[in-house]
Amino acid sequence: MSTNSGVAQIFYAIADLLDLQSERFKPDAYRRAARSIESLGEDLRNVAQRGALDEIPGVGEALHEKIGEYLRDGRISYYDKLQATFPPGVLELMRIPGIGPKTTGRFYLQLQIDSPTALAHAIDQGRLVGLSGFGPRKIEKLREALRTAAAAPPAARTPLLTAWRLARSVISELSSRTPVQDITAAGSLRRCRESVGDLDILATSARPPETIAVFTGLAGVRSILLQGDTKATVIHEPGIQIDLRVVEPASFGAALQYFTGSKDHNIHLRSLARDLGLKINEYGVLRGEERVAGVTEAEVYESLGLAWIPPEIRENQGEIEAAQTGHLPTLVSVDQLRGELHRHLPDAPTAEWMAALVTDARRRGFQYLGLVVPAARNGDSLGRLVPEVRRFWSDAAPGALRLRLGLEVVLGGPTDRYDPESLFDYLIGVPAPGPAAQPPTPPATRPPRRPAFVGHLRLGPAGGDAPRESTGPWIEWCATHGVALELTPLGIEDGLDAAGARRAREAGVGLVLSGGLGDLSELELSVGRARRAWVSAEGVLNSRADGVGAAAPKGPKRKRPAPGAGN
Ligand code: DGT
Ligand code: CA
Ligand code: CA
């Protein structure tokens, strides 16, 4: 889910809750704002960076602040508070198509009906008969809506970054509030898939029921689908299912292996185990009654005669054969990164902003940090901005950390947007807006300088579920011109999926791994996504000491730039 649709969904939900409380004007104000945010052609983060939130129609000061809170914290506390005033079942009831907030409010206040199940009972017991506006046909329709909702398909998949942030906050709450020992995300999130169906969290705990109870009581839990002593399933805001399993330490490795999947990888492992006279399940690897492995994942793989396989490549796409023959690739890791190259400069950078970033980057042992002027700002008074940024930089005591300045240029856009005064260390090419944008044809490679890499290779602002259809031509263009491609933590909203990244690697195109808009820890996800494409450090520009230095990047199988291709 993009930022815009995230905020819009919460505003719609606030409107519904206000309807439940019989508020008169506020619900419409929230819906109006949600609609204009949805139809905005630009990411809210950019709008906020430009300081232009108040230009969005229907967004007054109060809502402006709530958007700011969402961008900062990923949540809106007013929404959390409103939600807490109703039992979770009431919120569920309100979401059933055809029932809506007003009717739900009446059911709850007049008949104490507080969940879909309670409504079904009330209908069966005839308690709705005589309620004004509820004739026999209307009641039959309600019964039908309840049946359909119970059989409804599961919610849509969640983009990787959203799922990761949620998992991180749930894990940190459980770690600080309950006696957990090990706790980690498994499933598709651990494999760094572009999108995640549900979150699978595994833990060991000194007191499992306590850990489960804290989990089902988390503030963002919308409803509880299942609660036992060692296992629970909830729906968490904004509509993501989370499974938590508390397992025995003796089984933690086996459970982690099993619930990380993928299913196809596990099926293949099971058949290997069978051939060895072993049985593998979520509790361990067994020979007859004897448990031969289970505490760690490494021993599970070892018991099958395999080297430990990195989770990101467990897709049954040759990794098991590679582990059998000792040909697993050495995948890029977070500690191999020497810097980040795509950190947007805010609208008005401050000394505090710069100092926090420098501290974060130095703590990571980075050698350089690339601060970037986004395409939307290009054309501003860069001549003033650049010296100011350099001044803040030296004030932030960067030590050995070097500043690199990047400029985003729209590929094929007007040439006056390219860096004529050579104020910048490197250029980042971004496709023109629109999902059908193609790489520039030869005449448009007129810019005086070639971009170091292509970024923001994603679908238009509406997001969408598929990577850019025309990734192929971009990979080819990058291979031909010696330009790298960027991978971000966004997952499915990024434009380049694992298959695309794998094709890029095979074509000798270097990758740049960028962070999200949060702190630098989000780089972990870009690294995971590169690992998923079997990429090792040599294929990553920002694992090199020079990053995007003056020299053109040298990929392992890079073609020479075509003659006359610029630069
Ligand atoms: P998702 O949630 O759709 O993004 O994908 P996963 O891979 O997280 O799938 P999920 O949540 O259904 O199950 C988590 C892992 O548990 C899965 O990757 C492998 C394991 N698993 C689940 N069901 C089965 C099954 O029926 N057979 C086997 N072998 N493994 C399973
Ligand atoms: Ca899952
Ligand atoms: Ca699951």
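Colleague: Is Phe259 buried or exposed?
Modeller: Phe259 is buried, at 14% relative accessibility. Buried means under 20% relative accessible area, exposed means over 50%, and partly exposed is in between, using a 1.4 Å probe and protein chains only.

Colleague: Before we go on, what kind of model is this?
Modeller: This is a predicted model, where local features need pLDDT of at least 70, side-chain atom pairs count only at pLDDT 80 or more, and totals for chains, interfaces and linings use all residues. Residues are numbered from 1 along each chain as its sequence is written, chains are lettered from A and ligands numbered from 1 in the order in which they are written, and side-chain values use heavy atoms, leaving out hydrogens and water.

Colleague: Cool. How many aromatic pairs are there?
Modeller: The count is 7 aromatic pairs. Rings of Phe, Tyr and Trp (its six-membered ring) pair if their centres lie within 6.5 Å; planes under 30 degrees apart count as stacked, over 60 as edge-to-face and the rest as tilted. Phe107 and Phe134 have ring centres 5.3 Å apart and planes at 45°, so this pair is tilted.

Colleague: Where do those two sit?
Modeller: Phe107 is in helix α7 (residues 100-111), and Phe134 is in the loop between α8 (116-124) and α9 (136-150), so the pair ties together parts 27 residues apart in sequence. Helices here are DSSP runs (H or I, at least four residues), numbered from the N terminus. Phe107 is buried at 0% relative accessibility, and Phe134 is buried at 7%.

Colleague: And which type of pair do Tyr258 and Phe259 make?
Modeller: Their ring centres are 4.8 Å apart with planes at 80°, so Tyr258 and Phe259 are edge-to-face. Tyr258 is partly exposed, at 31%.

Colleague: What sits over the ring of Phe259?
Modeller: The charged end of Arg245, 3.9 Å from the ring centre. A charge counts as over a ring if NZ of Lys or CZ of Arg is within 6 Å of the ring centre and within 35 degrees of the ring normal. Lys66 lies over the face of Tyr78 too, at 4.8 Å from the ring centre. Tyr78 forms one aromatic cluster with Phe11 and Tyr30.

Colleague: New topic: what coordinates the calcium ion (ligand 2)?
Modeller: Asp198 (O), Asp198 (OD) and Asp200 (OD) coordinate this ion, at 2.2 to 2.5 Å. Donors are N, O and S atoms within 2.8 Å of the metal (3.2 Å for Na, K and Ca), and water is not among the atoms, so sites may look incomplete.

Colleague: Which residue coordinates both calcium ions, ligand 2 and ligand 3?
Modeller: Asp198 does, and the two ions are 3.8 Å apart. Asp198 is partly exposed at 22% relative accessibility, whereas Asp200 is buried at 13%.
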